[in-house]
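Here is a note for a first-year colleague, to be read with the sequence and the model side by side. Please keep both in view and find each residue as it comes up.

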Amino acid sequence: AKLYQQEVNADSRLKPSAAYVRLRPLSTLRRTWPDLFKTELRKITVVSIKNYMGNYERGKWPYLPPKAKTKTRAGNAPSTINKMIACLRNVFDVAVRARVIAKNPAAELTYKPVQKKLLNLPNRD
């Protein structure tokens, strides 16, 4: 995770906001799956990642939106889930490139389709 963070911060083509979006899931991972950062990379399996993502999608860890006082949301939005999947894939890709592991265990995760908002536009009348 530290190597991935260094890669993102060193990429001069990324704006600061884009770097923040790419690194934000790491803090969520630290909060929701702290054992991941204590586990050896070779021992992390596809099953454990899929179990975590299933819990993450169902909202095992309630989320308090910014500026909200008490109302938490169960589950996560598809875009948030997709950002977490991309982050996991990128972190394990760094480990594959460094030859720490042979195969990316997060490569089998599939993105969740993002639901488009229905626009209620006024007509000519």
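The numbered points below go from the whole chain to single residues, then to charged pairs and a pocket.

1. Status of the model. The structure is a predicted model. Every number in this note is therefore computed from predicted coordinates.

2. Overall build. The chain contains four helices and zero strands. Following the sequence from its start, the pattern reads α-α-α-α. The C-alpha trace spans about 65 × 35 × 30 Å along its principal axes.

3. Burial and contacts in the whole chain. The chain has 125 residues, and 30% of them count as buried. Take the contacts in the chain with a separation of 6 or more: residues 24 or more positions apart account for 55% of these.

4. Gln5. This residue belongs to helix H1, which covers residues 2–10. Is Gln5 buried, exposed or partly exposed? Its relative accessible area is 32%, and because the partly exposed class lies between the 20% and 50% limits, Gln5 is partly exposed. How far apart are Gln5 and Leu121 in space? The C-alpha to C-alpha distance is 42 Å, and the two residues are 116 apart in sequence.

5. Thr32. Helix H2 runs over residues 16–32, and Thr32 lies in it. The relative accessible area of Thr32 is 7%, so this residue counts as buried. What does the side chain of Thr32 reach? One partner is the backbone oxygen of Thr28, at 2.8 Å. Another is the side chain of Tyr52, with which the side chain of Thr32 makes a polar contact at 2.6 Å. Once neighbours within four places in sequence are left aside, Thr32 is in contact with Tyr52 and Trp61. Tyr52 thus appears both as a polar partner of Thr32 and in its list of contacts.

6. Asn104. This residue sits in the segment after H4. Asn104 is buried, with a relative accessible area of 8%. A polar atom of its side chain lies 3.1 Å from the backbone oxygen of Arg89. Which residues does Asn104 touch, not counting those up to four places away in sequence? They are Arg89, Phe92, Asp93 and Val96. Arg89 is therefore worth finding in the model: its backbone oxygen is the atom named above, and Asn104 is buried by the 8% value.

7. Salt bridges, the count and two pairs. How many salt bridges are there? The count comes to five. One of the pairs is Asp11 with Arg13, where the closest N and O atoms are 3.5 Å apart. Asp11 is partly exposed at 23% relative accessible area, while Arg13 counts as exposed at 75%. In another pair, Arg42 bridges to Glu40, with the closest N and O atoms 2.9 Å apart. Arg42 is exposed, at 57%, and Glu40 is partly exposed, at 40%.

8. A salt-bridge network. The side chains of Lys103 and Glu108 form a salt bridge at 3.6 Å, N to O. Lys103 has a relative accessibility of 58%, so it counts as exposed. Glu108 has 39% and counts as partly exposed. Through salt bridges that share partners, Lys50, Lys103 and Glu108 are joined into one network.

9. The second largest pocket. Rolling a probe the size of a water molecule over the atoms shows where empty space is left. The second largest pocket has a volume of about 320 Å³. Its lining consists of 18 residues, and those closest to its centre are Ala1, Lys2, Phe37, Leu41 and Val91. The elements that give two or more residues to this lining are H1, H2 and helix H4 (78–97). Which element gives the most to the lining of the second largest pocket? H4 does, with five residues. By class, this lining has 16 nonpolar residues, one polar and one charged.

Notes:
Residues numbered from 1 in each chain as written. Predicted model: local features only at pLDDT ≥ 70, side-chain atom pairs only at ≥ 80, totals over all residues. Heavy atoms only, no water. Buried < 20%, exposed > 50% of the residue type's maximum accessible area, 1.4 Å probe, protein only. Polar contact = N/O pair within 3.5 Å; in protein donor to acceptor, adjacent residues only side chain to side chain. Contact = heavy atoms within 4.5 Å. Salt bridge = Lys/Arg side-chain N within 4 Å of Asp/Glu carboxyl O. 1 Å grid on protein atoms, 1.4 Å probe; cavity = no way out; pocket = protein on both sides within 12 Å on 5 of 7 lines; lining within 4 Å. Points joined across faces, edges and corners; volume = space filled by probe spheres on them. Nonpolar A, V, L, I, M, F, W, Y, C, P; charged D, E, K, R; others polar.
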